[in-house]
Amino acid sequence: MWAKKRIKDYFSGTVAVTLADDADIFDLGLVDSLFAVQLVMFVENEFSIVAEREDLNIRNFCSIAALTEFVEAKLAQRGRAGMVNGLAAER
Amino acid sequence: MKYQKIGVVGAGVMGGGVAENLAATGHQVIVVDIAPEALRAARIQIDRNLRCMALWDSASSAADHAAMLGRIGFTTDYGQLSTVDFLIENSTERWSVKREIFPRLDLICHPECVFAANTSAIAITRLAGTTTRPDKVVGMHFMNPVPRKKLVEVVRTPLCSEATLLAAKELLAQMGKEAILVNDMAGFVSNRVLMLTINEAIGVVQDKVATAKEVDEIFVKCAGHKMGPLATADLIGLDTILLTLNVLYESFGHSKYLPAGLLTQMVDAGLLGRKSGRGFFEYAG
C-alpha cells in the first residue's frame, strides 16, 4: 500500500488530470515518452530497485495499478534475495 | 546514407536529443559544447534514453544501445568539426551566443558543409548573414523530445539554395523524419503562435483565474490537446520560453510578446520545468 501511495502521489503531481488506477496514461495520450523515462528513473530512485532489460516493457509502466504491481513484485524479489543473503552470511 | 558524420553544437536538451536521434539512425556524431559538465550530463541522459528505448522497441538489445552510444563523440574542441558532412547548431536562444558561433563554424567546417540552425525564434536570415555561406544555412526547428517527434519545421531564407533545402530534407529522412517547409520570419509558425498561448496561460495563473493543473485540464479535456500549455512550457524549459518571447518582442516590437511577470520570476527562482525538476508541475528523476 505504501508503494501505491507514493506512485499515486507521483502521478498526481506530474499528470495534469485525475487518474483512475487502471487508466493507461500512454493510450490516453496524457504523457509522452520523456515521462516514461522519468517514470523509470523515479521508480529506481524511490524504491532502490533496478529495472532490468526484461522489466523495461511499457505494460509495467502504463498505469498506477500496473506500476504498483511491478514495484511490489520487485520489492518482494529483493526481500527474498536479502533473506537468502542474510542466511548465507549467518553461516 | 549520403550524410554519415554529423556535427552537433550544443549539448543541452535539444542538442542531446538531436545527437541521440542521429546515433540511433546509424550516424557518426560529434557533439561540441564549451561546458564539459553539459557534455557529461548529455551523455548520461542519452544513455538513459537509449536504455529506455526497450520500453517501446522490444527488439532493441543492450548491445544495440551500447553501439548507438559508441557512435557519439563528446568534446569541447570545435576543431573536431572540420570533417563533418552536415552541422546542426543548438546553442542557447540568444543572438549574442549564436552570432559568435556561426562565424567560428564557418572557419572550421568544410566549405560544402550545410549549417542547420535549430533555433526557437531567431530569424535564420540573420544567422546566415554572419557566415560566408548564406546559401548553405537553413533553419531546422526540431521539437522535444527529438527522437520521438517525426515532423521538423524547416525554415527557408531568401538566400538559401535549393540544394541546401534538399540536403536538409535528405538528412531528416535519414533520421526518420519529415520536413514541413516554411519561410523565414522570427518564431516561424510554431513558436510565433505557441509562445503567445503559453504566455497567456501563465498570465491566467498569475491573475489567479485558475491553477496550472486546471488550465491544462481545460486544454486537454475540452480542446483535445495531448498536453496543456503549461506542461508544454515545462517540457520546453521556462528559460527557453522567456528567451524566445524576448526574441519575438525584439523582432516585432509588439507588446503582446512581453513575458508575464510570473514567468520571469520562476526563471529567476530556477524553476525551469522538467530539466530542473520543477516548473508549473513537479518531476522526478
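## Sheet, domains and chain contact in a predicted model

Chain B holds an open sheet of eight strands in the order 3-2-1-4-5-6-7-8, with mixed pairing. Two strands pair if DSSP finds at least two bridges between them. Strands (E, at least two residues) and helices (H or I, at least four) are DSSP runs, numbered from the N terminus. Strand 3 (72-75) and strand 8 (178-183) of chain B are the edge strands, each with a single partner, so one side of each has no neighbour in the sheet. From one strand to the next the twist averages 25 degrees.

The model is predicted: local features need pLDDT of at least 70, side-chain atom pairs count only at pLDDT 80 or more, and totals for chains, interfaces and linings use all residues. Residues are numbered from 1 along each chain as its sequence is written, and chains are lettered from A and ligands numbered from 1 in the order in which they are written.

At one edge of the sheet, strand 2 (residues 28-32) and strand 3 of chain B run parallel and are joined by four bridges. B:Val32 stands opposite B:Thr75 of strand 3. Helix 2 (residues 36-51) of chain B packs on the sheet and touches strand 2 and strand 3 of chain B; its direction makes about 160 degrees with that of strand 3. Axes here are lines fitted to C-alpha atoms, for helices over the stretch in contact, and angles run from 0 to 180 degrees between N-to-C directions.

Chain B as a whole has 11 helices and eight strands. Its C-alpha trace spans about 55 × 45 × 35 Å along the principal axes. Of its 285 residues, 48% are buried, that is, have 20 or more other C-beta atoms within 10 Å of their own; 12 or fewer make a residue exposed, and counts in between partly exposed, with C-beta atoms placed from the backbone.

The domain assignment, automatic or from a database, gives chain B domain 1 (5-183) and domain 2 (191-274). Their centres, taken over C-alpha atoms, are 26 Å apart. Two residues are in contact if their C-beta atoms, placed from the backbone, lie within 7 Å. The table lists both contacts by the residues each side supplies.

| Contact | One side | Other side |
|---|---|---|
| Within chain B | domain 1 of chain B: eight residues | domain 2 of chain B: 10 residues |
| Between chains | chain A: 21 residues | chain B: 24 residues |

On the side of chain A that touches chain B, helix 1 (2-14), helix 2 (33-47) and helix 3 (58-61) of chain A each supply at least two residues. Helix 2 of chain A gives the largest share, nine residues. By class this side has 12 nonpolar, seven polar and two charged residues. Ala, Val, Leu, Ile, Met, Phe, Trp, Tyr, Cys and Pro count as nonpolar, Asp, Glu, Lys and Arg as charged, and the others, Gly among them, as polar.

Helix 9 (residues 229-236) of chain B has eight of its eight residues buried, so it is largely enclosed by the rest of the structure. The buried residues include B:Leu230, B:Asp234 and B:Ile236. They pack against helix 2 of chain A together with helix 7 (190-206), helix 8 (212-222) and helix 10 (238-252) of chain B. Just after helix 9, B:Gly237 takes a positive phi of about 110 degrees.

B:Thr264 lies in helix 11 (residues 261-268) of chain B. B:Thr264 is partly exposed, with 16 other C-beta atoms within 10 Å. Apart from neighbours within four places in sequence, B:Thr264 is in contact with B:Leu242 and B:Pro259.
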